[in-house]
Amino acid sequence: MKQVRLGRTGLQVSEICLGMMSYGDPAQRPWVLSEEDADPFVRRAAEAGITFFDTADVYTQGASEVVTGRLLAKYFTRRDDYVLATKVHGRMGDAPNDGGLSRKHILAGIDDSLRRLGTDHVDLYQIHRWDSNTPIEETLEALHDVVRAGKARYIGASSMYAWQFSKAQYLARANGWTPFVAMQNHYNLVYREEEREMLPLCADQGVGVIPWSPLARGVLAGNRNRAGDRLTTRANNDPFGDSLYNDDDFNVVDANAAVAADRGVSPAQTALAWLLANPTVTAPIVGATKLHHLDDAIAATDLTLDEKEIERLEAPYVPHRIAGH
């Protein structure tokens with residue numbers, strides 16, 4: 001597995017990141033795998049050279065972090081052999097300060113995440129969403145203190161408007177605080193609105209891009225069809241995913257399936273290869289609940305699409321309303 005720099009940092013990550021949202025507490029979500037069932041996925045990832053793993057405190061209310069920490073310790077000899085990312089923002093309890101990006105919640109959140117992960121630091125600590133109820137200056141200074149305390153090596157952000165991200169980066173630099181080095185955004189073949197402003201901003205500022213939902217919650221891999229059939233457990237239990245895509249997207253799905261068929265590979269491989277061909281993209285975050293999902297992601301790193309294939313994939317795209325923020 002090729003290792004690449006995260007943006008302009010010196011941090012090396014694998015060009016596929018294994019998303020750990022699918023592992024944790026099955027009692028909370030029917031498509032989530034237990035630690036025992038998740039074990040083969042982390043083992044396969046480690047064997048393939050995947051060194052980048054992403055989770056969040058809110059994924060099955062901390063259970064994903066627990067599973068992530070245990071399995072990474074099992075399959076990597078040293079803590080420095082992998083890059084661990086987690087996130088803060090989501091509501092972790094019923095008390096008023098159990099969510100958001102206040103100083104109180106960030107400083108409590110990092111300590112709780114480290115305890116669950118069983119480590120003394122994360123490599124990338126990310127804000128999961130923008131918090132309109134907290135001044136961004138408060139958030140940035142708290143994140144800077146997390147880095148200064150040695151609890152995080154770098155900080156990142158997730159889905160937001162480009163003007164928000166630009167404002168945050170400007171304020172961080174103006175105040176001598178730690179800037180964001182990564183953007184985890186919603187980007188795939190059927191949702192390309194990030195190409196308008198966010199991706200050019202990240203390219204200009206040297207920010208690594210690590211897209212979530214690179215297969216559009218499985219739509220690009222065929223987990224649902226035009227008739228409205230839901231063909232997997234995840235597709236039948238994903239109201240958030242239902243809000244992101246529409247019937248026009250199946251024209252892109254069909255184009256992707258056709259290119260994949262011509263190549264003799266799976267649609268998941270061509271959709272991921274399209275993302276990897278974008279020089280602004282560092283590492284798509286891939287979720288896997290079947291081993292062939294992970295194998296497809298690994299195989300995609302060796303698949304190079306030509307210009308005509310990329311044109312075929314992109315031609316049916318229809319602009320979307322902003323989604324995923």
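Which residue in S8 stands opposite Ala157? In this predicted model, the residue facing Ala157 is Met183 in S8. The pair belongs to a parallel arrangement of strand S7 (residues 152-158) and strand S8 (residues 180-184), joined over 4 bridges. Helix H5 (residues 162-174) packs on the sheet here and touches both S7 and S8. The direction of H5 makes about 165 degrees with that of S8.

The wider sheet is open and has 8 strands. Their order is S9-S8-S7-S6-S5-S4-S3-S10, and the pairing is parallel. Strand S9 (208-209) and strand S10 (285-286) are the edge strands, each of which pairs on one side only. In a regular strand, side chains alternate between the two faces of the sheet.

Within that order, S7 is followed by S6 and S5. Strand S6 (residues 122-127) runs parallel to S7, and 5 bridges join them. Tyr125 stands opposite Ile155 in S7. On its other pairing, S6 meets strand S5 (residues 83-88) in the parallel sense over 4 bridges. Here Lys87 stands opposite Gln126 in S6. Burial was computed for both S6 and S7. In S6, 6 of 6 residues are buried, and the strand is mostly covered. In S7, 5 of the 7 residues are buried, so this strand is largely enclosed by the rest of the structure.

Helix H9 (residues 267-276) is also mostly covered, with 8 of its 10 residues buried. The buried residues are Ala268, Gln269, Thr270, Ala271, Leu272, Ala273, Trp274 and Leu275. Their cover includes helix H8 (249-263), helix H10 (291-300) and H11. The edge strand S10 contributes to this cover as well.

H8 and H11 are also linked by a salt bridge. Arg312 pairs with Asp262, and the closest N and O atoms are 3.0 Å apart. The pair links distant parts of the chain: Arg312 lies in helix H11 and Asp262 in helix H8, 50 residues apart. Arg312 counts as partly exposed, at 36% relative accessibility. Asp262 is exposed, with a relative accessible area of 57%.

Salt bridges that share partners also join Asp39, Arg43 and Lys74 into one network. Within it, the side chains of Arg43 and Asp39 meet at 3.3 Å, N to O. These two residues are 4 apart in helix H1 (residues 35-48), which means that about one helical turn separates them. Their surroundings were compared by accessible area. Asp39 is buried, with a relative accessible area of 10%. Arg43 is partly exposed, at 34%.

Another salt bridge joins the side chains of Arg78 and Asp81, at 3.0 Å from N to O. Arg78 is partly exposed, with a relative accessible area of 49%. Asp81 also counts as partly exposed, at 28% relative accessibility. A search of the whole structure finds 16 salt bridges. Side chains of opposite charge can pair when their charged atoms come close.

Towards the start of the chain, Val4 lies in strand S1 (residues 3-5). Val4 has a relative accessible area of 18%; the residue therefore counts as buried, the cut-off being under 20%. Beyond residues up to four places away in sequence, Val4 touches Leu11, Gln12, Val13, Glu15 and Thr282. One of these contacts, Glu15, is 11 residues from Val4 along the chain. The C-alpha atoms of Val4 and Glu15 are separated by 6.2 Å.

A nonpolar patch appears on the surface. Tyr161, Trp163 and Ile322 make this patch, which covers about 340 Å². Trp163 falls within the residue range of H5, the helix that packs on S7 and S8. Ile322 is found in the segment after helix H11 (307-314). Ile322 is partly exposed, with a relative accessible area of 45%.

Definitions and conventions:
Residues numbered from 1 in each chain as written. Predicted model: local features only at pLDDT ≥ 70, side-chain atom pairs only at ≥ 80, totals over all residues. Heavy atoms only, no water. Buried < 20%, exposed > 50% of the residue type's maximum accessible area, 1.4 Å probe, protein only. Contact = heavy atoms within 4.5 Å. Patch = residues over 30% accessible without salt bridge, like charges linked within 9 Å, V, L, I, M, F, W, Y side chains within 5 Å. Areas by Shrake-Rupley, 256 points an atom, 1.4 Å probe, with all protein chains shown as cover. Salt bridge = Lys/Arg side-chain N within 4 Å of Asp/Glu carboxyl O. Pairing = 2+ DSSP bridges. Axes fitted to C-alpha atoms, helices over the stretch in contact; angles between N-to-C directions.
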